[in-house]
Amino acid sequence: MTITTVNRVLPAALIALLAAGACSAPSSTVTDAIPHTVTGTAATATTAATAAPTATATTIAAATATTASPAPASAATAPLSISDPWVKTAHSGMSAAFATLVNTTGEAVTVVAASTPVSSSVELHEVVGDGGTTTMRRKQDGFVIPAGGRHVLQPGGDHIMLMGVRTAVEPGAEVPFTLTLKDGRTVSFMAVAKDFAGANESYAPHE
């Protein structure tokens with residue numbers, strides 16, 4: 001082969017090689033590949049950026065809720081504890097309730113009124129003696145229980161008087177009572193009905 005022939009073949013070979021390279025790596029493939037890679041990275045970054053604040057916000061919200069929710073408060077101690085409450089059985093007319101009132105506070109507590117759904121009228125009574133007879137009358141100042149002390153309601157002494165029984169009080173029945181204190185607070189309790197023949201003092205409504 002002469003030099004002239006080689007010079008003619010070499011340019012032709014270069015042109016063919018260049019043409020083959022252009023076909024194997026088209027410009028569209030390169031163009032599409034780059035945005036695809038960039039787009040995938042951006043989506044991952046965006047997802048991570050979005051998820052991070054959401055997770056953080058959820059964590060903060062949970063922490064705030066935990067901090068803001070106080071522990072269950074213990075029930076306030078009642079100013080009076082009622083021991084051994086009971087009430088005389090009755091079908092109508094009068095009856096009486098008895099108990100021991102225990103002051104659980106550091107200051108005097110005064111009971112000024114009482115109520116029960118089985119009687120239309122309830123009064124706080126005391127029993128006084130005069131010339132060998134006993135009379136019950138309303139206790140104007142109520143029952144005063146000293147700080148940390150107790151006050152006994154019993155037959156022949158201070159008691160809760162049911163003046164107009166409108167619902168029969170049968171033996172063994174549990175009768176609800178509510179005491180009202182001088183400061184407006186109330187204390188409720190249940191008294192068990194018992195047969196009792198005593199405590200039949202005369203009543204002095206004018207006193």
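A salt bridge here is a side-chain nitrogen of Lys or Arg within 4 Å of a carboxyl oxygen of Asp or Glu. By this rule the count comes to 4 salt bridges. The model is predicted. The exercises below use it as it stands.

**Exercise 1. Judge the confidence of the model, and find the stretches where pLDDT is below 50.**

Step 1. Start with the whole chain. The mean pLDDT is 74. Of the residues, 58% reach 70 or more.

Step 2. Find the weak stretches. Residues 1-7 have a pLDDT below 50. Beyond near neighbours in sequence, that stretch has 2 contacts in the model. Residues 22-75 also have a pLDDT below 50. Here the model shows 1 contact beyond near neighbours in sequence.

**Exercise 2. Describe the overall build of the protein chain: its elements, burial and contacts.**

Step 1. Count the elements. There are 2 helices and 11 strands.

Step 2. Read their order. From the N terminus, the two helices come before the strands.

Step 3. Check burial. The chain has 207 residues, and 28% of them count as buried.

Step 4. Look at the surface. About 12800 Å² is exposed, with carbon and sulfur atoms supplying 61% of it.

Step 5. Look at the contacts. Take those with a separation of 6 or more. Residues 24 or more positions apart account for 67% of them.

**Exercise 3. Classify the aromatic pair of Trp-86 and Phe-196, and say which parts of the chain it ties together.**

Step 1. Choose the descriptors. A pair of aromatic rings is described by the distance of the centres and the angle of the planes.

Step 2. Apply them. The structure holds 3 aromatic pairs. In one of them, Trp-86 and Phe-196 sit 5.4 Å centre to centre, with 75° between the planes. An angle over 60 degrees counts as edge-to-face, so this pair is edge-to-face.

Step 3. Place the partners. Trp-86 belongs to strand β1 (residues 80-88), while Phe-196 is in the loop between β10 (186-194) and β11 (202-203). The pair therefore ties together parts that are 110 residues apart in sequence.

Step 4. Compare with the burial cut-off. Trp-86 has a relative accessible area of 15%, so it is buried. Phe-196 has 36% and is partly exposed.

Step 5. Add the third ring. Trp-86, Phe-98 and Phe-196 form one aromatic cluster.

**Exercise 4. Classify the pair of Phe-177 and Phe-189: how are the rings arranged, and are they buried or exposed?**

Step 1. Read the geometry. The centres are 5.5 Å apart and the planes differ by 10°. Planes under 30 degrees apart count as stacked, so this pair is stacked.

Step 2. Place the partners. Phe-177 lies in strand β9 (residues 174-181) and Phe-189 in strand β10. They are 12 residues apart in sequence.

Step 3. Check burial. Phe-177 is buried at 1% relative accessibility. Phe-189 is buried too, at 10%.

**Exercise 5. Work out which side chains of strand β7 are covered, and which strand pairs with β7.**

Step 1. Recall the pattern. In a regular strand the side chains alternate between the two faces of the sheet.

Step 2. Assign the faces. Strand β7 spans residues 150-153. Its covered face holds His-151 and Leu-153. The uncovered face holds Arg-150 and Val-152.

Step 3. Find the neighbour. Strand β2 (residues 93-103) pairs with β7 in the antiparallel sense over 4 bridges. In β7, Arg-150 is the bridge partner of Val-102.

**Exercise 6. Locate the salt bridges of Arg-137, Lys-139 and Arg-185, and give their distances.**

Step 1. Recall the principle. Side chains of opposite charge can pair when their charged atoms come close.

Step 2. Take Arg-137. Its partner is Glu-126, with the closest N and O atoms 2.9 Å apart. Glu-126 is in strand β4 and Arg-137 in strand β5 (residues 133-138), 11 residues apart. Glu-126 is buried at 17% relative accessibility. Arg-137 is partly exposed, at 26%.

Step 3. Look beside that bridge. Val-127 also lies in strand β4 (residues 122-130). Val-127 and Arg-137 are 6.4 Å apart, C-alpha to C-alpha.

Step 4. Take Lys-139. Its side chain meets that of Asp-158 at 2.6 Å, N to O. Lys-139 is in the loop between β5 and β6 (143-145). Asp-158 is in the loop between β7 and β8 (159-165). Asp-158 is buried at 12%, whereas Lys-139 is partly exposed at 22%.

Step 5. Take Arg-185. Asp-183 is its partner, at 2.7 Å between the closest N and O atoms. Arg-185 is partly exposed, with a relative accessible area of 37%.

Note on methods:
Residues are numbered from 1 along each chain as its sequence is written. This is a predicted model: local features need pLDDT of at least 70, side-chain atom pairs count only at pLDDT 80 or more; totals for chains, interfaces and linings use all residues. Side-chain values use heavy atoms; hydrogens and water are left out. pLDDT is the predictor's confidence in each residue, from 0 to 100. Contact means heavy atoms within 4.5 Å. Buried means under 20% relative accessible area, exposed over 50%, partly exposed in between (1.4 Å probe, protein chains only). Accessible areas come from the Shrake-Rupley method with a 1.4 Å probe; for residues, only the protein chains shown count as cover. Rings of Phe, Tyr and Trp (its six-membered ring) pair if their centres lie within 6.5 Å; planes under 30 degrees apart count as stacked, over 60 as edge-to-face and the rest as tilted. Two strands pair if DSSP finds at least two bridges between them.
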